[in-house]
Amino acid sequence: MVHEKPFLSDPPKAEQPRPAAAATLLALMHAQGEVERLSEREQLLSSLLVSVNAVLWAIDWETRRVLYVSPAYERIFGRSAGLLLADYREWRNSIHPEDLDYAEHSLARVLDHSAVEDREYRIITADGQIRWLSDKCYINQQVEPGEPVIVVGMAEDITEKKQMELELHRLATTDVLTQSSNRRHFFECANQAFDSACAQGAPLAFLLLDIDDFKDVNDTYGHLEGDQVLRRIAESGRGVLRRGDLFGRIGGEEFAAVLPGCPPEMALQVAERLGKEIQALNFSYEGRAFTVTVSQGLASLTEEDSTLDSLFARADAAMYEAKRQGKNRVIAG
Ligand SMILES: Nc1nc2c(ncn2[C@@H]2O[C@H](COP(=O)(O)OP(=O)(O)OP(=O)(O)O)[C@@H](O)[C@H]2O)c(=O)[nH]1
């Protein structure tokens, strides 16, 4: 029978490392392993931060010191991260002037709600491009009472999505032929204007415009020339009206306008001017020149009008009266 020595036998006493040195060695090896793991994690994190198309950021709320901004900042904003880390106001410099108040107020909401996820605003990049951001922000959850409040956030470039949304909205609200508001959008906006005029006790005029003998135009010069007439009338409408007025194509050869804040006499002048502008448009088809006229019905808001429909009905009746009286005129109903 062979008596084997145990595989891990105690070494002779003289070669045994001192316990303190062994512990130090083990601690060193452990620390080295930790450093390697941390450095791997850091490399992974930084490659994630570089590839993600969103700016991660953190600020000290009290001092407004920017504590961190990820590499995407320079790519999306086109500005130096160093300048932002040195001065929080650099962020304000990037924001579109029309969105600055909104961007700041929506950021401050984070104090009450601990998370604000619906912030969208425009920035102007260093080379002058306007870009849309969705900039979500959160209070750092680990904050202890008395410790500084850290707000962290993630700003994502949503310019392409926003452009698509705007285009979809434009398509849904615009008449393709004349690029004016379509009927549905016109009446949506007209109802809002009606409600706010009633609430403020402000004047409001509704104008209905119908092309005279348009069937003859189509029959004589063709449908394409008729389309051209519709486009040019819409251009005249947009040209004569003020900002804040509404204009839309509400039927085949019928347009409507709502003039908020416009008293009856002034609305009549606007309609007369529009009629003259349209009559002055020159059309030509295969060497034959022709002009068109319009009949308009005008109605102004009174205390009896409880809905837009009653104003619309009066303008409609007035427009038919204009047709009946010989066309090419404005009748106020
Ligand atoms: N070119 C063109 N014509 C259109 C369009 N929509 C409607 N129309 C035409 O508009 C004409 C309207 O004719 P009517 O309702 O008889 O009216 P009108 O000839 O203008 O006569 P009055 O209104 O009495 O002055 C028709 O010939 C329709 O075909 C359009 O999008 N393009």
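**Group meeting: a walk through the two-domain model**

Five strands form an open sheet with mixed pairing, and their order is β8-β9-β7-β12-β13. At the edges stand β8, residues 246–251, and β13, residues 330–332. Each has a single partner strand, so one side of each is left without a neighbour in the sheet. From one strand to the next, the twist averages 20 degrees.

Before I go on: this is a predicted model. Please keep that in mind throughout.

Let me stay with the sheet. Take the edge strand β8 and its pairing with β9, residues 254–260. The two are antiparallel, with five bridges. For one residue pair to look at, find F247, which stands opposite A257 in β9.

Now the helices on this sheet. Helix α10 covers residues 223–240 and packs on the sheet. The strands α10 touches are β7 (204–211), β8 and β9. How does its direction sit relative to β9? The angle between α10 and β9 is about 5 degrees.

Next, helix α11, residues 264–279. Helix α11 lies across β7, β9, β12 (294–300) and β13. Against β12 it runs at about 170 degrees.

On to the ligand. Which residues are closest to it? They are F214, K215, G226, G252 and E253. In total, 16 residues surround the ligand. Where do they come from? β7, α9 (214–221) and α10 each supply at least two residues of the shell. The largest share comes from α10, with four residues. So α10 comes up twice in this talk: it packs on the sheet, and it contributes to the ligand shell.

What about the chemistry of that shell? Eight of its residues are charged, four are polar and four are nonpolar.

Let me step back to the domains. The domain assignment gives domain 1 as 50–165 and domain 2 as 174–332. Taken over C-alpha atoms, the centres of the two are 46 Å apart.

Now for the strands β1, β2 and β6. β1 is residues 54–60, and β2 is residues 65–69. They pair in the antiparallel sense over four bridges. In that pairing, W57 has V69 of β2 as its bridge partner. The hairpin of β1 and β2 has four residues between the strands. In that hairpin, R64 takes a positive phi near 55 degrees.

β1 also pairs with β6, residues 150–157. These two run antiparallel, joined by seven bridges. Which residue of β6 is the bridge partner of D60? It is I150. D60 also has a bridge partner in β2, namely R65.

One more residue from this part of the chain: R131. You will find R131 in strand β5, residues 130–139. Is R131 buried or exposed? Partly exposed, because R131 has 18 C-beta neighbours inside 10 Å, and the buried class begins at 20. Leaving out residues up to four places away in sequence, R131 touches I76, R122, I123, T125, D157 and T159. Look at I76 in that list. R131 and I76 are 55 residues apart along the chain, yet their C-alpha atoms are separated by 8.5 Å.

For contrast, take R288, in strand β11. R288 and I233 are also 55 residues apart in sequence, but 19 Å apart in space, C-alpha to C-alpha. R288 is exposed, with 10 other C-beta atoms within 10 Å.

Last topic: backbone angles. Most residues other than glycine have a negative phi. Two further residues are worth a look here.

The first I'll show is Q179. Q179 is not a glycine, but its phi is positive, about 60 degrees. Q179 sits in the loop between α7 (159–173) and α8 (183–200). Q179 is partly exposed, with 13 other C-beta atoms within 10 Å.

Then E286. E286 is not a glycine either, and has a positive phi of about 50 degrees. Where is E286 found? In the loop between β10 (283–285) and β11 (288–290). E286 counts as exposed, because it has 7 C-beta neighbours inside 10 Å.

To wrap up, three places to open on your screen. Start with the sheet, β8-β9-β7-β12-β13. Then go to the ligand, with F214 and K215 among the closest residues. Finish at D60, with bridge partners I150 in β6 and R65 in β2.

Definitions and conventions:
Residues numbered from 1 in each chain as written. Predicted model: local features only at pLDDT ≥ 70, side-chain atom pairs only at ≥ 80, totals over all residues. Buried ≥ 20, exposed ≤ 12 C-beta atoms within 10 Å, placed from the backbone. Domains from an automatic or database assignment. Pairing = 2+ DSSP bridges. Axes fitted to C-alpha atoms, helices over the stretch in contact; angles between N-to-C directions. Contact = placed C-beta atoms within 7 Å. Near = placed C-beta within 6 Å. Nonpolar A, V, L, I, M, F, W, Y, C, P; charged D, E, K, R; others polar.
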